[in-house]
Amino acid sequence: MPQGTITKALSGYYYVLPEGAELAAANTITCRGRGVFKNRNITPLVGDRVMYEETENGEGTVTEILPRTSELIRPPIANVNLVVLVFSVTEPVLNLQLLDKFLVHIENTGIDVLLCFTKSDLLTADSDASGAKDMTVAELERITKLYEGIGYTIQKTSSKLHEGVESILQHLDGTVSVFAGQSGVGKSSLLNEMISGLNLETNAISQRLGRGKHTTRHVELMPLTNGGLVADTPGFSQLDFMEVEAEGLGDCFREFAAIAEGCRFRGCLHLHEPDCKVRDCVADGTIAASRYDHYLLFLAEIKDRKRRY
Ligand SMILES: Nc1nc2c(ncn2[C@@H]2O[C@H](COP(=O)(O)OP(=O)(O)O)[C@@H](O)[C@H]2O)c(=O)[nH]1
Ligand SMILES: [Mg+2]
Ligand SMILES: [Zn+2]
């Protein structure tokens, strides 16, 4: 029986890209789900690898869903193995607290992440940085070093100058990935640069609100010529990851997780416990103060959330 991947789910139809078919959205087979899925309360998801039967009219029926390696709830996509976390260097301003929060959520899913800094054409030279909104070349360099030091892969891009686009494509080779990030950071623009003929709607940032409008509606995996599949998302607010527990938060900070074994107590929350290796590293600068500050902030949020429910 032929196999394929669901690239789109719409009004009860599943669009299946057959294994080995040329990677183009036009080559998908329109399928119905088999009745048994409903009976067993199973919903085929975009990203599912499936078995299907061809029917006479050139359409098909999905007969079996192969085991999933991962499952995101919002957007509902199975088998994602890379999140491309997109932040613009400015417009909207690069917020490291938000960046760390998204990294925590992604670490918690166990899915790999590629960090992408967009709109590099808007960087200002170090000498003429005038306002708080400006991101200078040197400041971005400092941030890049910080996150590379933690172990993240970072790619700087400009859709306007078509810069870094080929490198992003290389990273996505053979993966199922989602583009995630706030509205207005340039996700759709970057995808348009990556996929020839693609014309996703993009939106000018509302000057008044300082953020973009939501323009990307349904979930769809788009085939890349190198064998990857990629989904745009409407904005990170729509990405609903599993909630992180206080005890697990430290593990979601990669550089903490690596040294926490050296803490005197198992389950050390790196607060006031004696002989805490993480706090030692914050004190001697091995761990960035900003990262530890954000850790404390998120820990307080998690405890607050517990208190409210
Ligand atoms: N200067 C500059 N503007 C960009 C770049 N990429 C996107 N934009 C602009 O940023 C706004 C939001 O882009 P869009 O792709 O819709 O962002 P999304 O909401 O993340 O999908 C649009 O006005 C784009 O023209 C870039 O590389 N440089
Ligand atoms: Mg968009
Ligand atoms: Zn500790």
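User: What makes the approach of Lys187 to ligand 1 a polar contact, given an oxygen atom of ligand 1 that is 2.8 Å from an N or O atom in the side chain of Lys187?

Analyst: A polar contact is a pair of N or O atoms within 3.5 Å; within protein, one must be able to donate a hydrogen and the other to accept it, and residues adjacent in sequence count only if both atoms are side-chain atoms. At 2.8 Å, the pair formed by an oxygen atom of ligand 1 and a side-chain N or O atom of Lys187 therefore qualifies. This is a predicted model, in which local features need pLDDT of at least 70, side-chain atom pairs count only at pLDDT 80 or more, and totals for chains, interfaces and linings use all residues. Side-chain values use heavy atoms, with hydrogens and water left out, and residues are numbered from 1 along each chain as its sequence is written.

User: Which polar atom of Ser188 lies 3.0 Å from an oxygen atom of ligand 1?

Analyst: The atom of Ser188 belongs to the backbone. Asp121, by contrast, places a polar side-chain atom 2.8 Å from a nitrogen atom of ligand 1.

User: Why is the site of the zinc ion (ligand 3) called tetrahedral?

Analyst: Four donors count as tetrahedral if all angles lie between 85 and 135 degrees. The angles among the four donor atoms of the zinc ion (ligand 3) are 105 to 115°, so the site is tetrahedral.

User: How do you know which atoms are protein donors of the zinc ion (ligand 3)?

Analyst: Donors are N, O and S atoms within 2.8 Å of the metal (3.2 Å for Na, K and Ca); water is not among the atoms, so sites may look incomplete. Cys263 (SG), Cys268 (SG), His270 (ND1) and Cys276 (SG) lie 2.1 to 2.4 Å from the zinc ion (ligand 3), and therefore count.

User: Why is Cys276 called buried?

Analyst: Buried means under 20% relative accessible area, exposed over 50%, partly exposed in between (1.4 Å probe, protein chains only). Cys276 has 2% relative accessibility and therefore counts as buried. Cys268, at 10%, is buried as well.

Technical notes: Chains are lettered from A and ligands numbered from 1 in the order in which they are written. Four donors count as tetrahedral if all angles lie between 85 and 135 degrees; four count as square planar and six as octahedral if opposite donors are over 155 degrees apart and all others between 65 and 115; anything else is irregular.
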